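Please find below a colleague's note, prepared for readers who wish to follow the coordinates point by point.

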Amino acid sequence: MKIQILPESVASQIAAGEVVERPASVVKELVENALDAGATHITVRVEQAGKRLIEVGDDGSGIAVDDLPLAVARHATSKLRTSEDLFRIKSLGFRGEALASIASVSRLTLTSRLAAAGRGGVLRVSGGVSGEVEPIGAPPGTVVQVENLFYNVPARRGFLKTDVTERRQMDALVTRYALAYPRVRFQLYHDGKSHLHTSGNGERREVLAGLYGVEVAKQMLEVSFEEDGRTIHGFISPLTLTRSNRREVTFFVNGRWVQDAALVSALLRAYRNLLMVGRFPLAVLFLELEAEQVDVNVHPAKAEVRFRQPEQIFHFVQRAVRRGLMVYSSLPQVSFPSWHSKTAPPTEVERRRPIDPGWEMAAVAGSDQPRAAGVESETDLQPTQPLVMPSRALPLLRLIGQVGATYLVAEGPDGLYLIDQHAAHERVLFERFLNQCAAGVALQTLLQPEVLQLSAADALRFEELLPLLNRIGFQVEPFGAGAFQVRAVPAWMDASKALMATRSLIEAFEEDELLFETQQETRLVARICKRAAIKGGQTLSVEEQSGLLRDLEACESPRTCPHGRPTMIHLSVDVLERQFGRRGSR
Ligand code: ADP
Ligand code: MG
């Protein structure tokens with residue numbers, strides 16, 4: 001074929017493909033325009049999941065009637081003049097191609113009025129072809145209607161997902177912008193029914209409830225961190241609140257929603273070894289940097305950014321999240337009965353304590369002391385003071401003994417520790433395995449091979465697992481109809497538990513099919529550790545007790561089990577003194 005310059009209409013459809021992938025991308029561009037125009041109230045109306053209509057109305061600055069044709073022209077923008085401007089962008093838009101792109105794949109109507117002008121104007125564009133501007137009476141602000149999206153690109157239409165999915169994407173998008181701009185009032189309707197309505201009162205947690213539901217929103221931890229002129233604030237989930245995928249992790253950079261794998265992995269890194277494997281946190285985090293520190297002109301839909309100092313940003317995010325987690329959730333959160341805890345701001349010494357003692361005490365005090373009615377609001381001990389992030393390692397502990405055949409009691413340099421023997425042992429086993437993974441799994445051959453007899457169905461499934469089992473240190477071979485012989489198990493586990501642990505693999509499979517899709521090995525091992533760990537209610541010899549303590553001290557994350565539950569409760573000397581009224585009260 002001869003080389004030819006493409007007709008304008010084809011070129012713009014190609015360009016539109018990058019910006020306008022689906023109805024949610026239209027919503028995104030229009031909402032960003034409204035925000036750039038300084039709107040305080042944005043209304044989004046969608047019909048038939050955006051295929052029939054997407055309408056975004058705002059009360060922002062408006063567009064001069066004479067400028068309407070320019071607004072829908074390609075590379076026409078009011079937000080950028082020179083190429084240097086590209087590196088100090090404060091607005092969400094700057095490419096001047098959204099309206100043009102949308103107009104080339106739909107029937108677009110742009111109605112706008114400057115507040116100062118008496119009348120507004122309306123312009124219709126169909127498949128990229130503009131009509132004439134007509135005068136119209138309209139309230140100040142702008143309304144963009146996008147009808148019959150992709151009517152002239154049937155292929156694109158064919159790629160759309162189900163209405164439910166497309167709607168969910170739009171909901172997610174508008175809700176996220178509502179979170180980022182809590183002072184703007186957002187309304188979203190699908191086929192006339194309200195899906196979102198925010199008050200614009202600036203309360204992010206309120207918007208959060210719209211995104212995740214009230215229960216979850218209440219539990220989310222607020223983080224706020226500043227360093228070297230960068231700030232990060234927002235919400236992260238406590239260890240007890242997780243999802244099976246990372247879709248609920250949202251980052252905004254300078255008010256722009258971005259999809260950035262590095263930011264997400266910085267967050268996940270901060271949760272590493274604290275969550276059960278295969279579980280992911282929820283987060284909505286807002287990162288603010290100097291405009292010069294971010295290149296936003298990387299991606300046509302502006303969904304990706306490039307950082308000038310990616311590594312610093314990575315560590316910054318990781319530190320902020322870690323710190324947030326440690327402040328709030330290194331130990332159980334139960335509110336602390338009031339009368340002793342009405343605190344003056346902590347002294348410098350208290351502030352440097354690893355973990356707010358009152359906070360730690362909470363778990364114990366909350367459970368067996370009656371709550372004084374009416375004092376609750378002042379008693380809920382919110383860690384408002386910025387605390388220094390504690391080291392996660394344990395101090396050396398002196399064993400005192402076992403309680404109820406379930407808990408170990410130990411003394412440390414700063415008070416008393418109650419340790420859940422089962423959770424602690426799970427942690428110990430789990431880390432042993434992780435360490436071995438790095439070095440190669442050591443096996444122990446059983447003196448007497450064990451035989452596992454399974455139902456026909458289980459046997460079939462189990463057979464598929466054999467290679468995976470081998471990798472994590474189980475030597476298992478078929479041994480006649482429905483039977484398997486266990487010849488060796490990982491060296492880190494108690495050989496007498498071999499059969500039981502192997503059996504637990506099958507149960508794991510039944511309970512959780514996902515188990516076999518991602519992170520198989522680690523997830524399986526977490527399961528096995530749970531099985532193989534010492535149980536609650538099991539009396540331990542003094543040697544076993546102190547052995548467990550030593551092993552726990554050696555762990556990298558001794559304070560939680562692999563499933564994220566606490567392994568211990570710490571009663572600091574300070575808390576004991578306060579509880580006994582020796583100091584700090586009244
Ligand atoms: P960009 O946002 O990158 O400038 P767009 O194609 O999205 O490009 O918009 C083109 C121009 O139209 C904007 O620069 C702005 O001047 C004007 N405009 C678009 N939407 C609005 C709006 N809702 N309110 C005021 N002006 C708008
Ligand atoms: Mg724009």
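The numbered points go from the whole chain to the ligand site, then to two helices and several individual residues.

1. Status and overall make-up. The structure is a predicted model, and every value below should be read with that in mind. The protein contains 19 helices and 23 strands. Of its 586 residues, 51% are buried.

2. Contacts and surface of the whole protein. When contacts between residues at least 6 apart in sequence are considered, 70% of them join residues at least 24 apart. The exposed area of the protein comes to about 27,600 Å². Carbon and sulfur atoms contribute 52% of that area.

3. Surroundings of ligand 1. Ligand 1 is surrounded by 20 residues, and the closest of these are N33, T77, S78, K79 and G96. Two side chains from this group offer polar partners to the ligand. An N or O atom in the side chain of N33 lies 2.8 Å from an oxygen atom of ligand 1. For K79, the corresponding distance from a side-chain N or O atom to an oxygen atom of ligand 1 is 2.7 Å. The backbone also takes part: a polar backbone atom of L99 is 2.9 Å from an oxygen atom of ligand 1. How much of the ligand's accessible area does the protein cover? On its own, ligand 1 has 530 Å² of accessible area, and the protein covers 92% of it.

4. Helix α1. This helix runs over residues 8-19 and has twelve residues. From its first C-alpha to its last it reaches 17 Å, close to the 16 Å expected at 1.5 Å a residue. Its buried residues are S12, A15, A16, G17 and V19. Which helices do the buried residues of α1 pack against? They pack against α2 (23-36), α4 (98-104) and α5 (154-159).

5. S101, seen from helix α4. The packing of α1 can be followed from the other side through S101, which lies in helix α4. S101 has 0% relative accessibility and therefore counts as buried. Apart from neighbours within four places in sequence, S101 is in contact with A15, A16, V19, V20 and R74. Of the residues just named, A15, A16 and V19 are among the buried residues of α1.

6. Helix α18. The twelve residues of this helix, 542-553, should span 16 Å at 1.5 Å a residue, and the 17 Å between its end C-alpha atoms agrees with that. Q545, L548, L549, L552 and E553 are buried in α18. Seen down the helix axis, the buried residues of α18 fall within an arc of 135°, so they line one face of the helix.

7. E426. This residue is found in helix α14, which covers residues 421-439. With a relative accessibility of 0%, E426 counts as buried. Its contacts, not counting residues up to four places away in sequence, are C529, K530, A533, C561, P562, H563 and R565. E426 and R527 are 101 residues apart along the chain, yet their C-alpha atoms are separated by 9.3 Å.

8. V296. Is V296, which sits in a loop, buried or exposed? V296 is buried, with a relative accessible area of 9%, and the loop in question lies between β15 (294-295) and β16 (306-307). Leaving out residues up to four places away in sequence, V296 touches I89, F94, R256, K302, E304 and V305. One of these partners, F94, is 202 residues from V296 in sequence, with a C-alpha to C-alpha distance of 9.5 Å.

9. V327. Helix α10 (residues 310-329) contains V327. The relative accessible area of V327 is 9%, so this residue is buried. V327 and V223 are 104 residues apart in sequence, and their C-alpha atoms are 9.5 Å apart in space.

10. H190. Strand β8 (residues 185-190) includes H190. H190 has a relative accessible area of 4%; residues under 20% count as buried, and H190 is therefore buried. Beyond residues up to four places away in sequence, H190 touches V46, R167, M170, D171 and H195.

Definitions and conventions. Residues numbered from 1 in each chain as written. Chains lettered and ligands numbered in written order. Predicted model: local features only at pLDDT ≥ 70, side-chain atom pairs only at ≥ 80, totals over all residues. Heavy atoms only, no water. Helix = DSSP H or I, 4+ residues; strand = E, 2+ residues; numbered from the N terminus. Expected span 1.5 Å × (residues − 1). Buried < 20%, exposed > 50% of the residue type's maximum accessible area, 1.4 Å probe, protein only. Arc of directions from axis to C-beta. Near = heavy atom within 4 Å. Polar contact = N/O pair within 3.5 Å; in protein donor to acceptor, adjacent residues only side chain to side chain. Areas by Shrake-Rupley, 256 points an atom, 1.4 Å probe, with all protein chains shown as cover. Contact = heavy atoms within 4.5 Å.
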